[in-house]
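This report follows the backbone, the strands, the nonpolar core and the chain contacts in turn. Please keep the sequence and the structure in view while reading.

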Amino acid sequence: MTQRSEAAHRRAERKARLMNGVLNRSLTRREAGLDKVAKTVVARLAPPEPPDPELHHPDRVDGPS
Amino acid sequence: MTTAPADLKHVVCSICDIGCQLRAEARDGALHRILPHGHPIMARNICFKGTAAPQIHAHPDRLRVPLKRVGARGEDWWEEITHAQAMDEIAERLGAVVAAHGPEALAVSTSGWNTQTTHGADRRFMNLLGSPNWISGVAMCAGNTAAVNRLTYGWFPFPDLASTSCIVLFGHNPRRHSWTPIHNLIEMARGRGATVIVLDPRVSEQAEKADLHLQLRAGTDAAMGLGWLKVIFDEGLHDQAFVDEWCVGFDELRARVDEYPLDRVAAITGVDAELIARAARMYATADGAVIPWTPVTDQQVSSTSAIRVHSILRAVTGNLDVVGGEVLGGFNPGYRPESDLQLHEVLPPGQKAKQLGADAHPVYTYRVAEMLAEPTERVWGRRYADLVMGCHMANPSAVFRAMATGDPYPVKAFFALGNNALLSYPDQHLVHRALLAQDLVVAHEVFMTPTALLADYVLPGDVFSERNHIADTWSWTTRLSLSEKVVEPPPEASGTYGFWRDLAHRMGFAEQFPWATVEEVLDHRLEPSGRTFAEFAAATLMESPPPRFRSYRRTGFATPSGKVELASSVLADLGFDPLPYHREGPATSPAYPLTVFTGVREDPFFQTGQRNIPVLRRRSPTPRLFLHPDDAGPLGLADDDWARLETPQGAVVAQISVQPSMRPGHVRVPHGWWYPELRATTALAGAFISSDAVLCSGDPEHLDREQGTPHFKGFPGRVVPCPAPEGVS
C-alpha cells in the first residue's frame, strides 16, 4: 500500500472502532439514549431500499419448468 | 380460515453459506414470509433463495419422520420409525462397527452451512469415541483456505471491505442473488471510489464492472500472483519496513519470484504482460487493498501455492491487519468457539495419527494443527483454532478410498449430515462404491437426496426458522448474529446438536453432553460475556467486539517463528516446497481439446440443493454448459441444444448456452445437478446424469500436493451433441 504514517494508521483505527460502536448500538433493541442516536445516524447513512420484484415468489406454482 | 397475529422475528438464513440476518413472519404456526432486515445498512442483504424459505420449509416432500431402509441399499424402500428407535438402532450398529474395526472406522461428512447448529458436537462425539475421520465440503471451499492462511501468519483474515480502496476478485463473482452481502459491500466500495480488479476466464458480472479484467486461463492463479509479486518487488512497491521487521524468508521468496518474469507469466496465464503489471501496481499502491476469499483457488492443482501467494501479497504490501486491508480478528472473547466445544485435546495422538490422508496431504489435518498448536496458544489463547471448520480435517478422497477398499484400514460407518456427499466430492463413482461398501450409513437431511437414498437410516432435520441460534461465522469474523425460532419443527425432526447428543447419551458419553437443549449450549457459549441466550436475544440483534488492528505488535504471529513466514517452516518441515510455485494442470489434447472448469454455483441453488423448489428451479430449469461461439459453432451447437461433456474421468449431459463472455477454448460446468423429479423412475434420482462430480478425478496426480484438494479449474474435455436425457426437458 502507499505508505501510511503511524498517525494515519491510528486515525483510521479510531474511526473504525467508533463506527463499530455506532453499528452495535444501531442493532440493539433499545430505542433510547445513545442507541437511538446511533439508529438515527445509521438511517441517514443509508437511504431506504426500493422494493425488488425478484424477491417475490408466486404463492402457487405448477412445477419446475 | 383463521389467521393468527403476525409474529415477526429475526433469523439467520442458512439456505446458502453467507448467513444473512433477515426477518421472518409466522402465521398459523407456519413460516409465512421472509422480509428484508429493518436495519438500513442490511436491508439489501436478501436474495430470492432466502425469500423462498416458506416454500422450502413447508414443501410437501420435506422429510418429517425417520426412515429405516427395508429394501436393497439405494432401492428407495423405507419403513417409518420413531426418532428414539432410530437412535437406539444407530447406536447399536455403530457400536458393532467400532467393536469390529476400531473407532476410526466411523467417518462423518457434514456441511456446517446447512446444519448450522451443531455447536461442535460432531467433533466432540468423534473425539470422545476416537475417530479423526471428519470430512466436509469446506475441504474445497474456505476451510482449506483458512488452514493454508495459517501457514503464513497463523490466522485466516477477513477483508475490511467497508474501508478498502481496492478489491481483487480471483474468479469470485458475488452477485445480487449470490453472496449478496459481499456483493453489496463491493458496490458500496465502488460508490466511494474503490477500484476493482477481476481475474476470471469469463467476463463475469463482476468483470463487466471491473476497472481491470484479466481473462486468465483457468487454473493459473498461482502463476498470476507470482507475476504480481515480480512487479511489486522489481518496482519497490512492497512495504519494506514491515517485511524487515515482521517477515522471514524474503530473500528465498525473492529468488523464487525471479523465476517468474512477466513474459513467462503471460505465457502461462494467457494475459498480456502489461495488463498484469498494471493490475499489480493498482493493488500494491492502493491505500488499503483486499483479496477476499475465493473458491477458485481452493479447487486447483496449485491450490496451496495460489492461496499462499494471496497471503504473501497481503503481507508484503502492508495490507495485513490494517484498516482497509485484511484483519486478523481472533476469537470473540465473549463467545466460546466451536474449537473449545470440540474437545480435540481428548483424541489420543495415536488416533490423530490415523487421520486418513494426513500422511500424503497434511495441510488441513491434525498433523499441521499440532505443529501450530503452541504458537496458536501463544497468540490466540487456545491450542486448537478450527477456523471455518477447516483446520482438523481428514482428506475426503482418502476417506472414500478407505471406505471403498479398506486401505489403509476399514471405514465401515458413514454419517452424512446436511451433506449430499455423493455429489459433493470428486470421483463420484468412487464415492458411490464407498457408500455401497458400508455396514451403516446414516443421513440427516431436510429432503431426500441421492446420498440419503443410499442410507440405512434417514433422519429429518430442522431448518433455520425452527431453532434458536447465534451465528458466529465459525470464527472467521468476531460478529455474533441472533437467529430466533419462529415456528416449531416437525415433532420427529431433530437439529444436528440433538442428533449427536442423543447418540452420545446412548454410547456412554452422557456426562460430556450435559446440555439438554440448544439454548443451554448457547448459554454455555455465552458464559464468558456474562449473559444467557435469553439476555442476549433481548438486548441485541447483532454485535461485534471492538476491532483490533496490528495486534501482532504485542503478540507476534501464530507461526513457529512468530513472524509472517514468506517461506513456510511448516511446509519445509513436512518435506514440501516452502515457497509458492505454479504447477500445470492436466493438459488438453487432440482428443480432449477444451479446458473445463467446474464447481460453479448458480443463483437459484446452493450446492446440490433446491432443485425440487419450483419457484427456484423455474429460474434455472436445466444445467447449462457455457461455451464461446468459436467453440460451439464448429460443433454445430446452438443455445438450448443438449450436449455431452466428456472427460477422461466421466461425462455429464446438459444444455448449451453460447456465451461470448467465455474465454475461447473453455467450458464452464455448473455444480451439483441431479433431478429430484426422477426419483420414481431413475436410480438415485438421476445423480449420474449431470453431476460435475463425475468429471473430476481423485487421482493423486490431479490433487494439490500439500492439501490434496482436487483440480476443478482447468482439465481436458470435449463436447459432443446428444439428445436430452429421458424424463428431462
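A residue is called buried if 20 or more other C-beta atoms lie within 10 Å of its own, exposed if 12 or fewer do, and partly exposed in between, with C-beta atoms placed from the backbone. The model is predicted, so to speak of local features requires pLDDT of at least 70 and side-chain atom pairs count only at pLDDT 80 or more, whereas totals for chains, interfaces and linings use all residues. Residues are numbered from 1 along each chain as its sequence is written, and chains are lettered from A and ligands numbered from 1 in the order in which they are written.

**Backbone**

Two residues of this section have a positive phi although neither is a glycine; helices (H or I, at least four residues) and strands (E, at least two) are DSSP runs, numbered from the N terminus.

| Residue | Phi | Loop in chain B | Other C-beta atoms within 10 Å |
|---|---|---|---|
| Trp179(B) | about 55 degrees | between β9 (166–170) and α6 (180–191) | 22, buried |
| Leu343(B) | about 60 degrees | between α14 (338–341) and α15 (349–352) | 17, partly exposed |

The peptide bond from Asp407(B) to Pro408(B) is cis, with omega near 10 degrees, and Pro408(B) belongs to the loop that runs between α18 (396–405) and β15 (413–417) of chain B.

**Strand β17(B)**

In strand β17 (residues 457–460) of chain B, Tyr457(B) and Leu459(B) point one way while Val458(B) and Pro460(B) point the other way, and all are buried. Strands pair if DSSP finds at least two bridges between them. Strand β4 (residues 67–69) of chain B is antiparallel to β17(B) and joined to it by two bridges, with Leu67(B) opposite Val458(B). Strand β16 (residues 440–445) of chain B runs parallel to β17(B) and is joined to it by four bridges, and here Glu445(B) has Pro460(B) as its bridge partner.

**Nonpolar core**

A nonpolar core is a set of buried Ala, Val, Leu, Ile, Met, Phe, Trp, Tyr and Cys residues joined through C-beta atoms within 7 Å. The largest one has 241 residues, and Val168(B), Ile276(B), Tyr283(B), Val399(B) and Leu625(B) are those with the most contacts inside it. Helix α8 (residues 221–234) of chain B gives the most to this core, with eight residues.

**Chain contacts**

Two residues are in contact if their C-beta atoms, placed from the backbone, lie within 7 Å. By this criterion, 27 residues of chain A are in contact with 41 residues of chain B. On the chain A side, α1 (6–26) and α2 (33–45) are the elements that give two or more residues, and α1(A) gives the most, with eight residues.
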